[in-house]
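Welcome! Here is a short briefing to read with the structure open beside you.

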Amino acid sequence: MSCSSCSSKGSGTPRGCHNNGTCGTDSCNKLTVFDWLGNMQTPQDSGIFKIVEVRFKNSRKSFHSLPDQGKLVVGDPVIIEVENGYDLGLISLTGELVRFQMKKKKVAINSEMVTKILRKANQEEIDKWHFFRDKESQIQRQARELAISLGLEMKISDVEYQADGKKATFFYTADNRVDFRQLIKDMAKAFSIRVEMRQIGLREEASRLGGIGSCGRELCCSTWLTDFRSVSTSAARYQQLSLNPLKLAGQCGKLKCCLNYELDAYRLALKNFPKSDIKLKTEKGIGVFQKMDIFKEHLWYSYTDDWMNWQLLSLDAVLEIIEKNKNNEKVSSLEQYIDKPTTFSNNDLEVNFENVVGQESLNRFDQKRRDKNKRRKKRNRNKPKNNA
């Protein structure tokens, strides 16, 4: 956090820009790219790469060519020509690394998408840009009220003003198709601007709003994740997870993006495992697969006539039994291949547990019940005796 808005107040509490990972003023933005080639000198025979990467609000980036005069560096606000006006963005990357970024996003150098930077923004244009950025939350609230009055089943989640204030883009989510023609007319009349409606998905909405995930950290989509890959229930099946929608769904209501993080490791490990529908033939009975521990390479099997007792087998033992079954050989039983867990003797591992103020007791905070008989005897003992 290197921008001034993220510094602490006088009381010591952090201010924060409250942009949920989409800060547009500094390096704490999730789209910030570190230039590893920034300190390296380019060869003398090759000139400076004339295209730079410009970042706008939220997750919007584009490539633009440098003007003929003037030198621009990372962080400079620049004016970009758009249809019927101009927009303001910040240079996020320069030099040879831009060439790699364009190749990664499949943008040609001579493409029509690569427009020209007009000039560096002056202070008046920067102040105007900040004015409209501060106005977006109020416009969003009024736009929601207009949508509710028209009875439209949609949610306006974000608003992005153009730097010149002539146009605003409204991002919304909806389950079904929405006829918002009357809404556009009402908003254009109320705000005196050109209105553009753009539908986004629930994942992108969650990245704009931000939040805390079940892991206790900020959402990946609002901090560092820039692309949304499809997540299917097969990712949970590969990782032997329970298909519980309450645990697998994220803040957006869709499957969690983190289900894909370790999926490749599970797929690679599962290549050595036999299929779950393969049965183990023994003289005692037929063994049926129950569950597995992928990284410990443990599998549990049970007999068809004894479902309650599971036998723990190692992966090598299961593969050996399957290989014998292919050769029409039966093993005597599964018990002879049971994989016993590793145990430690007292000499190898010695752990001493001590009672620290009764911390291991679950009822240590319960109030102790006093014996009523003892209290009654004590009360009778203190009463004065009447002598006849």
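We begin with one residue of this predicted model: Phe100 has its place in helix H1, which covers residues 96-104. Phe100 also helps to make a nonpolar surface patch of about 640 Å², together with Phe34, Trp36, Leu37 and Met40.

**The protein as a whole**
- If you count along the chain, you will find ten helices and twelve strands.
- Buried residues account for 35% of the 388 residues in the protein.
- The protein exposes about 27,200 Å², and carbon and sulfur atoms supply 49% of that area.
- Take the contacts between residues at least 6 apart in sequence: 57% of them join residues at least 24 apart.

**A covered strand, S1**
- Now look for strand S1, residues 51-55, where five of the five residues are buried.
- In a regular strand, side chains alternate between the two faces of the sheet.
- Both faces of S1 are covered: Ile51, Glu53 and Arg55 are buried on one side, and Val52 and Val54 are buried on the other.
- Which strands pair with S1? Strand S2 (residues 61-65) runs antiparallel to S1 and is joined to it by five bridges, while strand S4 (residues 85-93) pairs with S1 in the antiparallel sense over three bridges.
- To see these pairings residue by residue, find Val52, which stands opposite His64 in S2, and Arg55, whose bridge partner in S4 is Leu90.

**A four-stranded sheet and its helix**
- Further along, four strands form an open sheet in the order S9-S10-S11-S12, with antiparallel pairing.
- Strand S9 (280-281) and strand S12 (306-314) are the edge strands, each pairing on one side only.
- Helix H9 (residues 315-326) packs on this sheet and touches S9, S11 and S12. The direction of H9 makes about 105 degrees with that of S12.
- Within the sheet, strand S10 (residues 286-293) and strand S11 (residues 298-303) pair in the antiparallel sense over six bridges.
- One pair to look for is Lys291 and its bridge partner in S11, Trp300.

**A cysteine in a loop**
- Where is Cys258? It lies in the loop between helix H7 (245-248) and helix H8 (263-270).
- Cys258 has a relative accessible area of 38%, so it counts as partly exposed.
- Cys258 and Leu248 are ten residues apart in sequence, and their C-alpha atoms are 9.6 Å apart in space.

How values were computed
Residues numbered from 1 in each chain as written. Predicted model: local features only at pLDDT ≥ 70, side-chain atom pairs only at ≥ 80, totals over all residues. Heavy atoms only, no water. Pairing = 2+ DSSP bridges. Helix = DSSP H or I, 4+ residues; strand = E, 2+ residues; numbered from the N terminus. Contact = heavy atoms within 4.5 Å. Axes fitted to C-alpha atoms, helices over the stretch in contact; angles between N-to-C directions. Patch = residues over 30% accessible without salt bridge, like charges linked within 9 Å, V, L, I, M, F, W, Y side chains within 5 Å. Areas by Shrake-Rupley, 256 points an atom, 1.4 Å probe, with all protein chains shown as cover. Salt bridge = Lys/Arg side-chain N within 4 Å of Asp/Glu carboxyl O. Buried < 20%, exposed > 50% of the residue type's maximum accessible area, 1.4 Å probe, protein only.
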